[in-house]
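Dear colleague,

I am handing over the structure we spoke about, and my notes on it follow below. Please read them with the model open beside you.

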Amino acid sequence: MRQPVEQLMKAYQSHLFVAAFNVCKDAEDAKDVVQDTFIQYHTSTKDFTDEQHIRAWLFRVALNRAKDINRSFWRKHKVSLEDYTETLPFTKPADHDLFDAVMQLPEKYHIVIHLFYYEDYRIHEIADILKSAKAT
Amino acid sequence: MMNKEKYKRTFDTLASSERFSLEVTEMKKENKTKHVYSRIAAAAAAFVLVISASTAAYASDLGGIRTMFTMWINGEQQNATVTSSRDHEYEFTYKDADGKDVTVGGDGVTTDENGNERPMTASEIAETFGDTAVDRDDNGKVYLTYKNLKFDITSAVNAGKTKFVFTADGKEHYVTIDDTANESIGSYSLSDCVGPNEDASDYEALN
């Protein structure tokens, strides 16, 4: 099955942005990731079993694209993470602290944490998205 | 409060801080000089164009190349000066109807005959500005443009319609605009597929 890209953009745009930001730590790069992900969906002829299959595929593509961008030297960190974080309107100081703490974690940990805590994925689903073993 | 709830509250702040279309809207309201970055993927018969905005300050001379292009903007051909601001990213400056400088910028990727991605040239990016676009002007009128074609779709959009078809260059273009367009003043996301389309009857004919 396929869903119109417009529907998917409406449903997952902000989720993919946050996931990509966890990797890129740069808002503009994360926006590029979101666009690239939907472009890849739109130009792909891949058939999906259901919406959850599409959702997992979108996250996999976005996270891989974010890692690619992270490895590209000239795109990296146009705005410092500290400066950007100061613009976020956290409702409580503890939220700011939590955000800072998560951003300090090694990438391999906070992607897993993010998919578990924010996207409510289970461990085996996260392993499938990241193409890694459950034990790791 | 559970850890998950705290985590979600924290990252909801990040999620709600970035509204792609809203940024473009705010920028247009504040400053007539647009600084819009878009990434465009050219496919065989279809493309999707999503516009995001940068609030970075515009430097008039960033040391890049500078040449002239004629490009379609808002249904009219405009002479634009192009500046390469950084690798594979270009800014085009033209005069609007009031004689004010307007700057649009973009970069993009396209696929070569071997299926490999490569950065788009300034010329290719200039050509994409003639592709389908939907924009709302300061008077609230919504126009769908393609090269020199310009359709007033204000009443249709206000009535909740999101699917349009028009014929250009001997082909039927099936355009679907984001169904949140009514909530977004000044910017839209859209997909443009070149026909034929099995669901053609669902689309409002513009010509």
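Of the 207 residues in chain B, 45% count as buried; please bear in mind throughout that this is a predicted model. Chain B contains four helices and 14 strands, and its accessible surface amounts to about 10700 Å², with carbon and sulfur atoms accounting for 46% of that area. Where contacts in chain B span a separation of 6 or more, 42% of them are between residues 24 or more positions apart.

Chain A is built from seven helices and has zero strands, so that, to write the order out from the N terminus, its elements read α-α-α-α-α-α-α. This chain has 136 residues, of which 51% count as buried, and it exposes about 6700 Å², 54% of which is supplied by carbon and sulfur atoms. Taking the contacts in chain A between residues at least 6 apart in sequence, 64% join residues that are at least 24 apart.

Within chain A, I looked at the packing of two helices, α1 (residues 5-24) and α2 (residues 27-43), whose axes lie 8 Å apart and meet at an angle of about 140°. Angles over 145 degrees would count as roughly antiparallel, and α1(A) and α2(A) are therefore classed as oblique to each other. Their crossing, that of α1(A) and α2(A), is right-handed. On the α1(A) side the contact is made by A:V5, A:L8, A:M9, A:Y12, A:Q13, A:L16, A:F17, A:A20, A:F21 and A:C24, while α2(A) contributes A:A27, A:D29, A:A30, A:K31, A:V33, A:V34, A:T37, A:F38, A:Y41 and A:H42. Sorted by character, the residues of this contact between α1(A) and α2(A) comprise 15 nonpolar, three polar and two charged.

The remaining item concerns a residue of chain B and its contacts with chain A. B:F11 sits in helix α1 (residues 3-17) of chain B, and what surrounds B:F11 once its neighbours within four places in sequence are left aside? The residues in contact with B:F11 are then A:V18, A:N22, A:F99, A:V102, A:M103, A:H114 and A:Y118. The relative accessible area of B:F11 is 0%, and because buried means under 20%, this residue counts as buried.

With best regards

Technical notes: Residues numbered from 1 in each chain as written. Chains lettered and ligands numbered in written order. Predicted model: local features only at pLDDT ≥ 70, side-chain atom pairs only at ≥ 80, totals over all residues. Heavy atoms only, no water. Axes fitted to C-alpha atoms, helices over the stretch in contact; angles between N-to-C directions. Parallel < 35°, antiparallel > 145°, perpendicular 65-115°, else oblique. Left-handed = near helix turned anticlockwise from the far one by under 90°. Contact = heavy atoms within 4.5 Å. Nonpolar A, V, L, I, M, F, W, Y, C, P; charged D, E, K, R; others polar. Buried < 20%, exposed > 50% of the residue type's maximum accessible area, 1.4 Å probe, protein only. Areas by Shrake-Rupley, 256 points an atom, 1.4 Å probe, with all protein chains shown as cover.
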